Amino acid sequence: MAKVVILSGAGISAESGISTFRESGGLWEQYDVTVICNYDSMQKNESLTIEFYDKRRADLEDKEPNYAHDVVADLKEKYPDDIAVITQNVDNLFEKAGLKHEDVIHLHGFMTEVRCQNPECNKTFDIGYKSLYDDHNGFCLTCGTRLRPNIVFFGEAAPMYEELNEHIQDCELFIVIGTRGNVVGVNTIAQYAQRSILNNYEPSPAIEDALFSKVLYKKATDAIEEIADEVETLLGSK
Ligand code: APR
């Protein structure tokens, strides 16, 4: 299991031009989460749901990783077994920064993929930045069932959380970058870890920053070198 867990959220991609969720002007202020990101959204609001994710997928095409993604990717390449890169983000900016998809744990799904809704089939397809309807009118190539975005909606199972749970068991350094902590309980994880760093642009009501060993309220691109130094101090000396 990894000695260092780097957990990121929407804030790490904010400087790349991708909207966050709960900040002023964020996505959940513009869209009703219960309509397009709920366990029953594909049954009740199929076209609105598909449209929302089609638009966000298309928006991703010209987005580039920022310095924080680049530094995290370099660290993971340097210490592949000792670092777990875990993200709540469904964008592909760590992959664009050079990481293999299997080296990034995406807790909430992956925007450039769609998935068959038939649980027996459950196949995923990489559609890049296209609309879900562009391939075979949005039906599964294998079994013919309607496809859906490969995103974990509220109220659905999130199988990748098991990997998060495993990695935090022996975690020596837990790093949080760019999340308000409303979904993943970072307070509890910070208490497990021997050392922890919190980097957000501003305090969040859901995060008790006193539980963290170091708190950096600044942009991720301004904080990332100090974060990387801590990782190097821990892993470089061993
Ligand atoms: N650098 C660092 N942190 C930043 C920056 C930045 N440049 N810009 C914003 N932030 C921080 C904010 O201070 C805030 O704490 O990023 C956080 C964004 O919080 P949210 O919008 O709530 O995003 P996130 O925590 O990733 O949401 C979690 O909720 O809706 C679901 O599935 C969705 O994965 C998402 C999950």
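Trainee: Where does the ligand sit?
Mentor: Happy to start there! This is a predicted model, where local features need pLDDT of at least 70, side-chain atom pairs count only at pLDDT 80 or more, and totals for chains, interfaces and linings use all residues. Residues are numbered from 1 along each chain as its sequence is written, and side-chain values use heavy atoms, leaving out hydrogens and water. With more than half of its atoms within 2 Å of the grid points, the ligand sits in the largest pocket.

Trainee: Which domains give residues to the shell around the ligand?
Mentor: Domain bounds come from an automatic or database domain assignment. Two domains contribute to the shell, so the ligand lies between them. They are domain 1 (1-17 + 64-108 + 158-238) and domain 2 (19-62 + 109-151).

Trainee: How far is an oxygen atom of the ligand from an N or O atom in the side chain of threonine 179?
Mentor: Good one to look up! A polar contact is a pair of N or O atoms within 3.5 Å. For the side chain of threonine 179, the distance to the ligand oxygen is 2.5 Å.

Conventions. A polar contact is a pair of N or O atoms within 3.5 Å; within protein, one must be able to donate a hydrogen and the other to accept it, and residues adjacent in sequence count only if both atoms are side-chain atoms. On a 1 Å grid over the protein atoms alone, a cavity is a set of points where a 1.4 Å probe fits but cannot get out, and a pocket is an open set with protein on both sides within 12 Å along at least five of seven lines; lining residues have an atom within 4 Å of a point.
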